[in-house]
Amino acid sequence: MRLDVVTIFPDYLAPLELSLAGKARDKGLLEVHVHDLRDWAHDRHRTVDDTPYGGGAGMVMKPEPWGDALDAVAPDGATLVVPSPSGAPFTQALAAELASRSHLVFACGRYEGIDQRVLDHAATRLEVREVSLGDYVLNGGEVAALAIVEAVARLIPGFMGNAESLVEESHQDGLLEYPVYTKPAQWRGLDVPDVLLSGDHARIAAWRHEQSVRRTAERRPDLLHPSAMLGEVEVRVVQPGDAGELLTLQRACWVQETWSNPDVEMDALTETLDDVRTWIAEGTTLVARSAGRLVGAVRGRRHGDTWDIGRLMVAPDLQGRGLGRMLLERVVALAPPGTTQLELFTGAGSLRNQRLYRKAGFRVRGEAGPGVVRMSKPHGHPR
Ligand code: JD8
């Protein structure tokens, strides 16, 4: 990935040299270039700002230096990221989306902001994403750019030493992190919770999940129960009339899957309405609706003593609220008598999905074709 940052304070971005981004550079995963906007202001004082049309306090950044800078730095088709207090909230999901791009250009504004025509003009040849770091006011875009670069760079495949750790994180599954501890086991009269010293990985995973849910309920209830966000969720067996919405939701969800699995062929992405009508007539398919909107679905099909689970989908804007976990539980509960194994397939790059399935007791059993992993779980056997 290539990153370009345009700013009137290039030294503000010096931390990029030090940090994670520096290591990514050494690994050849990331190429970072910082540019001084004043290099495109050619008057004696290298002026980049002027008074606002319509009056008001402060100064506005002039369009000409920005236009010339972006002409020089941003090739057609690049993604222009503009930190702004009026931008879309920056989230882990947006970080993942930006991490799928090959070239990001950051336009760091100052003063009262950048002349709007710079973004309007840029949008004629670039993907323009105005992004806000949070509901508070900074003096410029540099700090936001640093945070966004770090959140994006660490998602670049091969960047984090062990991709595994990415799966464990807050906001990956909509729950906050559980508390962590390290040696010594006693410190200033404070002990590490016994369960963490037990070596019983199932109990440890359960304790950590409970801690995550408790913290989320206390600190971020908005992230917790589906009903809290979605209102009542009705789950029922699919009807023929659901086919159109199901096709639409499926395509939206599998477009997202291509971000984490760019080289994998996905039937779900290319199926037709008739294909969907055909497979909802086979096996068991559940759909979830909230306020009349189709927000999720899952299917189960019997293959001998195996219950083949698939097409687990949650509307992209509602992911991370536990709806996927709930639908998985519901379709598992529908496994026919005599089922001895639950099985599913997902993208090798779909770490978030794998995390959900692993938390539900599924384990990766190996590759099932290029870029696809098979996960399964014994069923019906008393532990
Ligand atoms: C870019 C200029 C300062 C903002 C007058 C203060 C992001 N979450 C965020 N808060 N603030 C910013 C941000 C602030 C910026 C610029 C981003 C460029 N300013 C302006 C409008 C009010 N001053 C941000 N991301």
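Start by selecting arginine 311: at 13% relative accessibility it counts as buried. Here buried means under 20% relative accessible area, exposed means over 50%, and partly exposed lies in between, with a 1.4 Å probe and protein chains only. Arginine 311 has a phi near 50°, a positive value in a residue other than glycine. Its place is in strand β13. Strands (E, at least two residues) and helices (H or I, at least four) are DSSP runs, numbered from the N terminus.

Two notes on what is on screen. This is a predicted model, in which local features need pLDDT of at least 70 and side-chain atom pairs count only at pLDDT 80 or more, while totals for chains, interfaces and linings use all residues. Residues are numbered from 1 along each chain as its sequence is written, and side-chain values use heavy atoms, with hydrogens and water left out.

**Stop 1: β11, β12 and β13**

Stay with β13 and select residues 306–314. Strand β12 joins β13 through 7 bridges, and the two run antiparallel. Strands count as paired if DSSP finds at least two bridges between them. Find arginine 301, which stands opposite aspartate 308 in β13. The hairpin of β12 and β13 has 2 residues between the strands. Glycine 304 takes a positive phi near 65° in this hairpin.

Now add β11, residues 284–290. It is joined to β12 (residues 293–303) by 7 bridges, again antiparallel. Alanine 288 stands opposite glycine 296 in β12. These two strands also form a hairpin, with 2 residues between them. Click alanine 291 in the turn: its phi is positive, about 55°.

**Stop 2: β14, β15 and β16**

Select residues 372–378, strand β16. This strand is mostly covered, with 5 of its 7 residues buried. Add β14 (residues 341–347), which is joined to β16 by 7 bridges and runs antiparallel to it. Glycine 347 stands opposite valine 372 of β16.

Then add β15, residues 363–367. Between β15 and β16 there are 4 bridges, and the strands run antiparallel. Glycine 366 has arginine 374 in β16 as its bridge partner. The β15–β16 hairpin has 4 residues between its strands. In its turn, glycine 369 shows a positive phi of about 100°.

**Stop 3: the ligand**

Select the ligand and the residues around it. A residue is near the ligand if one of its heavy atoms lies within 4 Å of it. Which of the 18 residues around the ligand come nearest? They are Pro83, Glu112, Gly134, Tyr136 and Leu138.

By class, the shell holds 9 nonpolar, 7 polar and 2 charged residues. Ala, Val, Leu, Ile, Met, Phe, Trp, Tyr, Cys and Pro count as nonpolar, Asp, Glu, Lys and Arg as charged, and the others, Gly among them, as polar. Strands β5 (79–89) and β7 (127–132) each supply at least two residues of the shell. β5 gives the most, with 3 residues.

Now check three distances from the protein backbone. A backbone N or O atom of glycine 134 lies 2.9 Å from a nitrogen atom of the ligand. For leucine 138, a backbone N or O atom is 3.0 Å from a ligand nitrogen. For valine 131, the corresponding distance from a backbone N or O atom to a ligand nitrogen is 3.3 Å. Taken alone, the ligand exposes 530 Å², and the protein buries 86% of that. Accessible areas come from the Shrake-Rupley method with a 1.4 Å probe; for residues, only the protein chains shown count as cover.

**Stop 4: valine 6**

Select valine 6, in strand β1 (residues 2–7). Is valine 6 buried or exposed? It is buried, with a relative accessible area of 0%. Leaving out residues up to four places away in sequence, valine 6 touches His35, Leu37, Trp66, Ala69, Val73, Phe106, Ala107 and Cys108. Contact means heavy atoms within 4.5 Å. Valine 6 and tryptophan 66 are 60 residues apart along the chain, yet their C-alpha atoms are separated by 8.7 Å.

**Stop 5: two loops**

Go to arginine 46, in the loop between β2 (31–36) and β3 (49–50). Its phi is near 45°, a positive value in a residue other than glycine. Arginine 46 is partly exposed, with a relative accessible area of 33%.

Next, select lysine 183 and proline 184. A cis peptide bond joins them, with omega about 5°. Proline 184 sits in the loop between α7 (163–167) and β8 (186–187).

**Last stop: the whole protein**

Zoom out. The secondary structure comes to 14 helices and 16 strands. Of the 383 residues, 45% are buried.

Note on methods
A polar contact is a pair of N or O atoms within 3.5 Å; within protein, one must be able to donate a hydrogen and the other to accept it, and residues adjacent in sequence count only if both atoms are side-chain atoms.
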